[in-house]
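The exercises below concern a single protein chain. Work through each task with the sequence and the coordinates at hand, then compare with the solution.

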Amino acid sequence: MNYDCLIIGGGLAALTCGIKCAGSGLRTGIISGGMSALHFSSGSIDLYGYEDDRTIVYQPFEKIEKIISQNPLHPYARCGMAIIQEAMRFFKNEASCGGLELYHNEESNHFHVSTLGTIKPTYFSQRSVFNEDIKEAFRQRPKIALLSFAGFRDFFPKLAAANLQKSSLFRHLEIITGEVILPMYSKTARNPHEFRSIDIARIFDSERYITNIAEQIKKASQGAVFAGMPAFIGITNYNKIYRRLRELTGIFVYEIPTLPPSILGMRIDDALKRRFAELGGEFIAGDRIVGGEIIDGSLDHVHTENHGTTRLRARSYVLATGSFFSGGLTSGFNILRESVFNLKLFCQQERNTWYSPRFLSTGGHPFLAFGVETDDNLHPFTQDGKTVENLFCAGAVLGHYRPIVEGCGGGVAVSTGYAAAKKIIDACRTSSQ
Ligand SMILES: Cc1cc2nc3c(=O)[nH]c(=O)nc-3n(C[C@H](O)[C@H](O)[C@H](O)COP(=O)(O)OP(=O)(O)OC[C@H]3O[C@@H](n4cnc5c(N)ncnc54)[C@H](O)[C@@H]3O)c2cc1C
């Protein structure tokens, strides 16, 4: 199998890169070992959310500008401001082509509500989480309802309400809590462990129960303007269901991300995969790249777990295998390793410096900033310090940033995935001239 570009991954970085390459006419393949961080995420894309002391960043681009000048090794510095801004516009447009409309508050961050009722700064949210109408209605200091489904154990409205009321944004608002009953679940005895957000979302990919649920939401909301509910409005038909709920209830139903699997994250995954396929990309799921051969500073071929010695070849390759969470990086008792090619890592060697003694330390854990070391063009280095000229790295496999402390995981994945694609497209154009 020969490609112009073969991407090893399957998450946000791989899909952003794949869409850009396929959309530019390159024969593009993505080979993905399994679920990505999207399936566990809030489904909002964080660009830059927090200062080091945990105060909130309201203007992410201004902050990134500073990061770029202070830390030239940060993945944002490798991209540059113009590419980051271009990447955000590109991502919003391509998600929309895949059926997913994203909201952003011009250049500023906005907030979304977590399952526990804390509020988080973010850059892109799905329109069922935040949009212009919600923003406008919120200015009127509305009454808010937090509702769950009877028997659902991944969202506790009373806990979320108590936490929300600690925030200055919500402190003076009336927040009531309530419950709605899913008709089909009330009739069947079920194992509560199987009653997850994904089970509810599957029901709402069809409109069968929407009138019943709309009536219940209206009643349980007791005149509230907003009804915050665990994300449930389907994986594929959400635009229509969201509009219908608004029409039927007259209330703004807004979705709150729940524990994994995250419906909101799965929607991004679904929309991006759909868009990649529309553009002619080839997505190979359920196989892993286990190695490859680097000859004279260039990756010649790779091979997979399932296809044994069969060689996959491409002009350019992208490593977007994620961090420890997705297996892009692995650790043993005293060893840290990039999993596929054993590339050079940015990391600390002594095990007792990998983590902070305090689990919830505001500075986070050092190992979360570990990752592949690259040059300015996102090319990694082999252990003997040589760059691999046709291999690019993108997303969480990269080192030198702290996705949780900085609140920038999604933004780095989109920006570096896009930046790698641009470099590959340029290289292809140059070589075919
Ligand atoms: C639990 C969690 C929640 C998060 N929540 C948010 C959030 O709300 N907002 C936000 O902006 N960011 C969030 N982040 C951060 C952000 O989601 C990630 O930084 C970003 O999605 C990483 O994307 P990625 O494509 O680099 O890697 P990943 O999403 O980790 O994807 C890596 C992919 O590579 C595949 N893979 C690994 N090894 C191989 C191999 N050898 N061969 C083939 N495929 C392989 C994996 O199966 C996976 O599909 C969260 C991260 C985590 C872990």
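**Exercise 1.** Is Asp-296 buried or exposed?

*Solution.* The model is a predicted one.
Step 1. Place the residue: Asp-296 sits in the loop that joins strand S12 (289-295) to strand S13 (298-304).
Step 2. Take its relative accessible area, which is 78%.
Step 3. Apply the cut-off: exposed means over 50%. Asp-296 is therefore exposed, at 78%.
Step 4. Check the backbone. Phi of Asp-296 is positive, about 50 degrees, although the residue is not a glycine. Most residues other than glycine have a negative phi.

**Exercise 2.** Find where Leu-378 lies and state whether it is buried or exposed.

*Solution.*
Step 1. Leu-378 belongs to the loop between strand S18 (371-372) and strand S19 (391-393).
Step 2. Phi of Leu-378 is near 70 degrees, a positive value in a residue other than glycine.
Step 3. The relative accessible area of Leu-378 is 0%, so this residue is buried.

**Exercise 3.** Describe the peptide bond from Pro-260 to Pro-261 and the surroundings of His-39.

*Solution.*
Step 1. The bond from Pro-260 to Pro-261 is cis, with omega near 0 degrees. Most peptide bonds are trans.
Step 2. Pro-261 is located in the loop between strand S10 (252-256) and H11.
Step 3. His-39 is in the loop between strand S2 (28-32) and helix H2 (60-70).
Step 4. Setting aside neighbours within four places in sequence, His-39 is in contact with both prolines, Pro-260 and Pro-261, and with Ser-262, Met-266 and Asp-269.
Step 5. The relative accessibility of His-39 is 9%, so His-39 counts as buried.

**Exercise 4.** Classify His-172 and Leu-279 by accessibility, and give one C-alpha separation for each.

*Solution.*
Step 1. His-172 is in the loop between helix H6 (157-164) and strand S8 (175-180). With a relative accessible area of 60%, His-172 is exposed.
Step 2. Pro-142 is 30 residues from His-172 along the chain, and their C-alpha atoms are separated by 9.7 Å.
Step 3. Leu-279 is in the loop between helix H11 (263-278) and strand S11 (282-285). Its relative accessible area of 26% makes Leu-279 partly exposed.
Step 4. Gly-291 is 12 residues from Leu-279 along the chain, and here the C-alpha separation is 28 Å.
Step 5. Not counting residues up to four places away in sequence, Leu-279 touches Ile-19, Ala-22, Gly-23 and Glu-94.

**Exercise 5.** Which residues does Ala-314 touch, not counting residues up to four places away in sequence?

*Solution.*
Step 1. Ala-314 is part of strand S14 (residues 313-319).
Step 2. Its partners are Tyr-3, Asp-4, Cys-5, Leu-6 and Asn-390.
Step 3. His-301 is 13 residues from Ala-314 in sequence, and 7.1 Å from it in space, C-alpha to C-alpha.
Step 4. Ala-314 has 12% relative accessibility and so counts as buried.

**Exercise 6.** Which residues touch the most other members of the largest nonpolar core?

*Solution.*
Step 1. This core has 83 residues, and the ones sought are Leu-12, Phe-91, Val-318, Leu-319 and Phe-341.
Step 2. Helix H13 (residues 409-432) supplies the largest share of the core, 10 residues.
Step 3. Take Leu-12. Beyond four places in sequence, Leu-12 touches Leu-38, Ile-45, Phe-91, Ile-268, Leu-272, Gly-410, Ala-413 and Val-414.
Step 4. Another core, of 47 residues, lies apart from the largest one; Ile-134, Tyr-242, Tyr-254 and Ile-256 are among its members.
Step 5. In soluble globular proteins, nonpolar side chains tend to be buried together.

**Exercise 7.** Why is the chain described as being as compact as a globular protein of its length?

*Solution.*
Step 1. The chain has 13 helices and 19 strands.
Step 2. Its radius of gyration is 22 Å, close to the 22 Å that the globule rule gives for 433 residues, so the chain is as compact as a globular protein of that length.
Step 3. Along the principal axes, the C-alpha atoms fill a box of roughly 70 × 45 × 45 Å.
Step 4. Of the 433 residues, 55% count as buried.
Step 5. Among contacts between residues at least 6 apart in sequence, 69% join residues at least 24 apart.
Step 6. The chain exposes about 18800 Å², of which carbon and sulfur atoms supply 51%.
Step 7. For the charges, the mean positions of the 46 positive and the 43 negative ones are 6 Å apart.

Conventions: Residues are numbered from 1 along each chain as its sequence is written. This is a predicted model: local features need pLDDT of at least 70, side-chain atom pairs count only at pLDDT 80 or more; totals for chains, interfaces and linings use all residues. Side-chain values use heavy atoms; hydrogens and water are left out. Helices (H or I, at least four residues) and strands (E, at least two) are DSSP runs, numbered from the N terminus. The radius of gyration is taken over C-alpha atoms; the globule rule is 2.2 Å times the number of residues to the power 0.38. Buried means under 20% relative accessible area, exposed over 50%, partly exposed in between (1.4 Å probe, protein chains only). Contact means heavy atoms within 4.5 Å. Accessible areas come from the Shrake-Rupley method with a 1.4 Å probe; for residues, only the protein chains shown count as cover. Lys and Arg count as positive and Asp and Glu as negative; His and the chain ends are not counted. The place of a charge is taken as NZ of Lys, CZ of Arg, CG of Asp or CD of Glu. A nonpolar core is a set of buried Ala, Val, Leu, Ile, Met, Phe, Trp, Tyr and Cys residues joined through side-chain atoms within 4.5 Å.
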